[in-house]
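Visitor: Could you take me through this structure and explain how its descriptive words are earned?
Guide: Gladly; let us look at it together.

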Amino acid sequence: CIYLDENAGVQREIELIYPNGAAPTEGKISVSAPIGSALPGLAEGQSIDWGLPGDMHSPTRIAVTQPLS
């Protein structure tokens with residue numbers, strides 16, 4: 001999955017996996033992590049506003065640039 005963090009202006013490539021295999025430094029993100037749970041329902045080009053726990057007043061805009069495989 002490739003997504004664009006519009007607030008940071010950074011494109012990131014991640015692999016969504018089950019929590020027991022998460023390795024964020026390797027780009028393996030748990031489906032139960034905030035970003036991991038925000039992306040699966042989006043189609044290519046769709047976006048969603050979301051915030052991190054404790055930082056809900058500063059949402060990040062996420063745009064999926066490649067559909068999940």
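Guide: A polar contact of 2.8 Å joins the side chains of Ser-30 and Ser-32. This is a predicted model, in which local features need pLDDT of at least 70 and side-chain atom pairs count only at pLDDT 80 or more, while totals for chains, interfaces and linings use all residues. Residues are numbered from 1 along each chain as its sequence is written, and side-chain values use heavy atoms, with hydrogens and water left out.

Visitor: What makes the pair Ser-30 and Ser-32 a polar contact?
Guide: The term asks for a pair of N or O atoms within 3.5 Å, where, within protein, one must be able to donate a hydrogen and the other to accept it, and residues adjacent in sequence count only if both atoms are side-chain atoms. The side chains of Ser-30 and Ser-32 are joined at 2.8 Å, so the distance meets that limit.

Visitor: Why is Ser-30 called buried?
Guide: Buried means under 20% relative accessible area, exposed over 50%, and partly exposed in between, with a 1.4 Å probe and protein chains only. Ser-30 has 8% relative accessibility, and therefore counts as buried.

Visitor: Why does Glu-6 count as partly exposed?
Guide: Glu-6 has a relative accessibility of 40%, which lies between those two limits, so Glu-6 is partly exposed. Glu-6 is placed in the loop between strand S1 (2–5) and strand S2 (10–13).

Visitor: Which residues does Ser-30 touch, not counting residues up to four places away in sequence?
Guide: With contact meaning heavy atoms within 4.5 Å, Ser-30 touches Ile-17, Tyr-18, Pro-19, Ala-22 and Gly-36.

Technical notes: Helices (H or I, at least four residues) and strands (E, at least two) are DSSP runs, numbered from the N terminus.
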